[in-house]
Amino acid sequence: MVLKATAHDIAPILQIGLRSGVAALLVWMTMALRGERMRITDGTLGPGLVVGGLFALEFLLVGEGLRHTNASHMAVFLYTAPIFAALGLHWKLPSERLGAVQWLGIALAFGGIAMTFLGRSQGTGSSKDMADMLWGDFLGLLAGVAWAATTLVVRTTTLARAPATQTLMYQLVAAAVLLLMASLVTGQTHFNPTPQVWLSLAFHSLVVSFASFLAWFWLLTRYQASRLGVFSFMTPMFGIVFGAWLLNEPIEPNFLIGAIPVLLGIVLVSGGRWLDNVVCAFQRLYSRP
């Protein structure tokens, strides 16, 4: 949301690259204070480079997508990541097997995604504007896939046993280097140092890229990814509300109709294991003689 609001003063890709560099410095300082060191010989270098590349790709897609679509659309499509992560982890980890309710959630989510793309009306905009927005939405969906792939690598490699600071450092350094290079190559280097831009950089560096990501990757090493996904459910909801309120973005009825089953699917996938346990408990209760 803040990236979109300041896009006219600083390119989203440039801002994400800068915030990643600042956050990497903060993580390094945190590791120094704790006496931690980057142990690239512990088997994490290969997976670390992979998640670093995926992390940079995710935000490259987000930054590019925000040039074409609304922030509210990006919030919904980016946070389809738990759906794709659940599918990948179902095949990789026995503890992450999907139950009936979660499969229902996946079906709802993919049905909603199809509705948002296929059921979109042109409205008052031109066909070129509609195609431009659909392209931005598609980039947001690909960003969600990249985020899910990052989760899959973290959970299924040596990174699952690595400190969260080390996992995050791999990603932040890669994002800072690759995204700053991408901003130079694509010519997206405009920077107008307004107070809003400085506040946005401070917020994204300290809160988003440092504190929240550090907490997220710490949680990923201790809890099932499908259970953690439920905490991300409110983000796209806030994205839709704040996009309309702060950025005056229109809420298209057809998009909203498709977004509702997507959000419901995220909830079912994330909390479906608990619901499956409840259903099984009732089945055992009523099957007793």
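**Helix crossings and nonpolar cores**

H5 passes H7 in a right-handed crossing. The structure is a predicted model. In it, helix H5 covers residues 81–92 and helix H7 covers residues 127–156. Their axes come within 8 Å and cross at roughly 35°. On the H5 side the contact is made by Ala81, Phe84, Ala85, Gly88, Leu89 and Lys92. H7 contributes Leu141, Gly144, Val145, Trp147, Ala148, Thr151, Leu152, Arg155 and Thr156. Sorted by class, the contact between H5 and H7 has 9 nonpolar, 4 polar and 2 charged residues.

A second helix pair is formed by H3, residues 45–65, and H8, residues 164–185. The axes of H3 and H8 come within 8 Å and cross at roughly 45°. H3 is therefore oblique to H8, since angles from 35 up to 65 degrees fall outside the roughly parallel and roughly perpendicular ranges. The crossing of H3 and H8 is right-handed. From H3, the residues in contact are Leu45, Gly48, Val51, Gly52, Gly53, Phe55, Ala56, Phe59 and Leu60. H8 meets them with Tyr170, Gln171, Leu172, Ala174, Ala175, Leu178, Leu179 and Ala182. This contact of H3 with H8 has 13 nonpolar and 4 polar residues, and no charged ones.

The next topic is the nonpolar interior. The largest nonpolar core has 32 residues, and within it Val27, Phe59, Val62 and Leu172 touch the most other members. At least two residues of this core come from each of helix H2 (12–34), H3, helix H4 (71–78), H7, H8 and helix H9 (195–220). H8 gives the most, with 7 residues. What does Leu172 contact, leaving aside its neighbours within four places in sequence? Leu172 is in contact with Ser20, Ala23, Ala24, Val27, Phe55 and Ser209. Of these, Val27 is also one of the core residues that touch the most other members, and Phe55 is among the H3 residues in the contact with H8.

Apart from the largest core lies another core, of 19 residues. Its members include Val76, Phe84, Ala86 and Leu98. Phe84 is also one of the H5 residues in the contact with H7.

Finally, the start of the chain. Ala5 is found in helix H1, residues 2–5. Is Ala5 buried, partly exposed or exposed? Its relative accessibility is 34%, so Ala5 counts as partly exposed. Ala5 and Ser200 are 195 residues apart in sequence, while their C-alpha atoms are 9.2 Å apart in space.

Notes. Residues are numbered from 1 along each chain as its sequence is written. This is a predicted model: local features need pLDDT of at least 70, side-chain atom pairs count only at pLDDT 80 or more; totals for chains, interfaces and linings use all residues. Side-chain values use heavy atoms; hydrogens and water are left out. Axes are lines fitted to C-alpha atoms, for helices over the stretch in contact, and angles run from 0 to 180 degrees between N-to-C directions. Helices (H or I, at least four residues) and strands (E, at least two) are DSSP runs, numbered from the N terminus. Angles under 35 degrees count as roughly parallel, over 145 as roughly antiparallel, 65 to 115 as roughly perpendicular and the rest as oblique. A crossing is left-handed if the near helix is turned anticlockwise from the far one by less than a right angle, and right-handed if clockwise. Contact means heavy atoms within 4.5 Å. Ala, Val, Leu, Ile, Met, Phe, Trp, Tyr, Cys and Pro count as nonpolar, Asp, Glu, Lys and Arg as charged, and the others, Gly among them, as polar. Buried means under 20% relative accessible area, exposed over 50%, partly exposed in between (1.4 Å probe, protein chains only). A nonpolar core is a set of buried Ala, Val, Leu, Ile, Met, Phe, Trp, Tyr and Cys residues joined through side-chain atoms within 4.5 Å.
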